[in-house]
Every structure is written in C-alpha cells, then in structure tokens.
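Please look over the chain below. The report that follows takes its parts in turn.

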Amino acid sequence: MFDLKEKSAENKSSLNKNMTMPNSMSMSTDSSSLSSSLSITDEEVKALDAEYSSWGDTVHYSSNPKVFRGCEGSYMYDLKDIPYLDLQMMYSACNFGYKNQRITNAVIDQMNTMPQLTPKFIQPYKSLLSEKMSKMIEARFHEKGRMHFNVGGAQANEDAIKVVRNYTHRNGMFAFQGGYHGRTIAATCITSSFRYREKYGHFGDRANFIPFPYCFRCPYGMNCESCNHFCVKQFARNFESEYKAIYDPKTKECEYKAFIGEPILGTGGYINPPEWYWKEMKEVLDSYGIMLVIDEVQMGMFRTGKLWAIENYGIVPDIMTFAKSITNGMNPLAGFWAKEKYIAPDVFTPGSAHSTYCSNPIGVRAAHEVMTIVEEEEATLEREIPRKSALFMRGLNYLKSKYKEVGDVGGIGFALRMELTEKDGITPNRALCDAMQEEGLKGDLSYHGKKCGLVLNNGGFFKNIITLVPQLYISDDEIEMSIDLMDQLLSRLTK
Ligand SMILES: Cc1ncc(COP(=O)(O)O)c(C=O)c1O
C-alpha cells in the first residue's frame, strides 16, 4: 500500500482553521437529515429526469447517471451516506471545499439582507469586490484595469470577445486545438472541438486553431529535449509572407487581432506547457499587435498554486476571464478583467454587456468572501499547494511505476493528470479511463476498513486522461487515500 512517509501531524489538518473540514469521511448531521428528508429513491429520481429533463446537458453521457445527496469538504455522499472522495470538485468550481462554512455564512447573510437587486443599481459588495479584485490583479500584473461581471464562464468569454471586437474592429481570433471556452454560441466558435461546433458554431467566426504544446504527444512529432521551441517558431512563420494567408507585411495588418487561450489546457487534459512557452508566444503576439485573452475559468483561483495560472509563466494578458471557483460553486458569478485602455468607460460604453443576473448580490457576496479568504490565506496557499502537489505527484509516480497502463503523469499545483495508455505506454486507453470513472462511482472501494467511492473526471484529446482536481485544502491523509483508491481501481481493471 502506498504510504506518504513525509506526513507530519501538523500537516494532516486542513489549512483553513475557520472551516469545518472533515478529516473523517462522515458527513455532518444537518446534511444527512437533508438527504433523508426527501423520500424519493435514486431509481425514481433517474426515471423523472429521463422523462422530464432535457438530455442536452451532459448527464446522459452516462447510461446510468449517479445520484448524489450531500457534499462536504472533499466528499460527495449518496443516499446511503457512503462518502465518495471527489477528485474533480465540480470541474474545479469548488477549490475551497464543498460547503465551505465561511462562504455559506456570507451567502446566508446576503440572503437575509438583500438577496435581489436589479443590476442597474449598485450595492456595496459589488464595488468592494471590483476594488479588491482590481487591486489584487494590479499588484500582480502592475497594470491598472477594471472588472466586468456576468454569470458563467462562457458568458465571461463572450463579453471578452465583445471587448476585442469593440477595440480591434475584427472578429477573428486565434485559439488552441484542445482549448475549451464554453458552449454558448460565440464560446463554441472559439472552442476547438468540431463535435460542439458542427451543430451550433455557425453564428460567428470560427477561430484559427493552433496546436497546443502537448510535449508527451508533440503535435509536430518532435522531442521536447531537442525541439528548439519549434511550436513557437512555427507560429511566428505565419507572419513571414502575405501568402501565409493571415497577415499583410506592407500594412502590418493581421486578420486575427486576438489570441484566446487557457494558460494550461483544462478540458484538454490538464496539460501544462513548457515553462518557456508563454513568454516566447507573447513576444510574437506583441510584435504583430495581437491582444492576448487568457481564460482562467478553470485554472484560476489557486488551482495551480498561484491565484492566476498565467502567473506561473511571467506574462501579463490584455484581458483575463474567470468564473467557477470565484464563488466556490455557489450562485454563479463570472467576469473578466481588462487593461484600462480596453475597458475605460469611453471605450467599453454603458450597456455594452449586460444580463439581469450579471452582478447578482448573492454571487457577488460569495465572490467577495472567496477573495477575502484568498487575501488572508495567500501565503499559506502559495506554500502548501506546491508541498502537497509534490506528495500527490510522488503517489502518481508510484502508480506509474506499478502499472504499465499509466503512460504519463504530470501537472502543476493541483492541476494534475494521469494519462492512461495500453501497455506500450503511448497508445491512448480511453476504455480504461471510462472504466475507472464508472468503477469509482460504485461506492464499493474501501479505505481503512470503511466503504467509500471515488469521483474522477477525464479529459484530453483522446479522453484517456484522468484529470486530478482536488480541493485546495485536501489533507495529506486524503492525498494518500486518493492514491490508494486509484491503486485499487487500477488493480481491479488491469491484468
Ligand atoms: C477554460 C474554460 N473556459 C470556459 C468554460 C465555460 O464555463 P461555464 O461552464 O461556466 O460556462 C469552462 C468550463 O469548463 C472552462 O473550463
């Protein structure tokens, strides 16, 4: 059994001393009574959903969707109160743990004071949140900017596209192969998967998709030790001649005035680029006056050990979008930050982007509390996430050494990945990846003699990568448990 030798008693506890963090796997009584007060079986829930809910969301990717009744800390709970250690945390929307007491209390306070307000008026927490976030970003990027809010990551990206269009008067954007920016219509146009665009991506300009530096499977067939940064050089070659079809060297006009990219691929498999990549790309973009929009929807909020993932690469974007963990998965709030010259009131004028819920008081209050936590715990998070990430990586390397089907492991902070392959260590093994997820949801694993399950998610170009997205307060014990449960699954499913 895998054992994290370097655990210390102090490190076993959670980081946030103000939170109720279950180090055991049992749920607090208030959630148990909530789940049992609804007298409906899982089979009934599924039958009603199948008949009356649209199948257009992602529930019916599975032929037997799972029903959950409660959540707390790192765990989801089913009807029988079996704990499932969650290593996907609502696709990185709950970095600060399920039912984080501080955020819940702030939301309850807002519910009791002013839960609703038309967005044409201001409420104190909106101004305070804008100030807090602008100042935190200015301290990091040394750039004055402003915040704009909306609901949902896709809408935040749509609004960022509006800023680009408004400033550059062009629609075209570069984006990454493997990039994901949401499923509203404009966000679909800049998301690489043709599967999404085929039906709904024809209402705006499709992006020009360029290869992501996925070194384990280099899109150019190179070896990262000897490639000499070929991917950046290849991108720069687009500007050599008008016949490369995007640039006029005489007028210095480019058909694409912005590049939108995730700093680290999220849905694309938690693939982090080499450390030189973004700096070199930014130099090329700057040479041709191309704006950089960084989508931090999934990788922001300390997922990578820094508030914003792009900080790991030492560059400053022109626009940065965020969502998900900004409210820790509570009432949605999303938005973007832009440098002053793009978003000044006389440029991005009143009414340019709006929704009835764009700065809803509950979402704003949740975000304000999250950002306050971040301010208070920044130093601890910056210290502890790399330490715990190293422990997790040690466990992943143990699994890699034990199973030939673990072809590659990697990542940064708590944006980690385990790439599953055939025994040859390279051919993608999606079947094993799917089976691991299904098997984990059966709830029949065991840890220290107690029955439990494991919630996993997958991603990647071949959907063969387990993306590992624990809450930021995961304890050392829970890291050991994560590796142990994945070990149990791999030993069940491989021969
Ligand atoms: C990088 C990125 N951008 C945008 C989105 C879309 O966000 P939402 O689902 O809130 O619309 C996602 C969602 O997973 C994402 O990972």
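## Strand S12 and its partners

In this predicted model, Phe 322 stands opposite Gly 335 in S12. Strand S11 (residues 319-322) pairs with S12 in the antiparallel sense, over four bridges. Strand S4 (residues 145-150) also pairs with S12, again antiparallel, over six bridges. Here Phe 149 is the residue opposite Gly 335.

How many of the six residues of S12 are buried? Six of six are, across residues 334-339. In a regular strand, side chains alternate between the two faces of the sheet. Both faces of S12 are covered. One side carries Ala 334, Phe 336 and Ala 338, and the other carries Gly 335, Trp 337 and Lys 339. Lys 339 is thus among the buried residues.

## Ligand shell

The ligand is surrounded by 15 residues. The closest are Gly 153, Ala 154, Gly 182, Val 297 and Gln 298. Helix H7 (residues 153-168) gives the most to this shell, with three residues. By class, the shell has eight polar, five nonpolar and two charged residues.

## Two domains

The domain assignment splits the protein in two. Domain 1 covers 9-99 + 379-493, and domain 2 covers 117-359. Their centres, taken over C-alpha atoms, are 28 Å apart. The contact between them takes 28 residues from domain 1 and 21 residues from domain 2.

Which elements supply at least two residues each to the side of domain 1 that touches domain 2? Two are helices: H4 (89-92) and H13 (361-402). The strands are S13 (406-412), S14 (415-420) and S18 (465-468). H13 gives the largest share, five residues. By class, this side of domain 1 has 15 nonpolar, nine polar and four charged residues.

## The five-stranded sheet

An open sheet of five strands has the order S1-S2-S3-S16-S15. Its pairing is mixed. The edge strands are S1 (70-72) and S15 (445-447), and each pairs on one side only. On average, neighbouring strands are turned by 40° against each other, direction ignored.

At the S15 edge, three bridges join S15 to strand S16 (residues 450-455). The two run antiparallel. Leu 445 stands opposite Cys 452 in S16. Helix H15 (residues 476-493) lies across S3 (83-86), S15 and S16. H15 runs at about 145° to S15.

Key
Residues numbered from 1 in each chain as written. Predicted model: local features only at pLDDT ≥ 70, side-chain atom pairs only at ≥ 80, totals over all residues. Domains from an automatic or database assignment. Contact = placed C-beta atoms within 7 Å. Nonpolar A, V, L, I, M, F, W, Y, C, P; charged D, E, K, R; others polar. Near = placed C-beta within 6 Å. Buried ≥ 20, exposed ≤ 12 C-beta atoms within 10 Å, placed from the backbone. Pairing = 2+ DSSP bridges. Axes fitted to C-alpha atoms, helices over the stretch in contact; angles between N-to-C directions.
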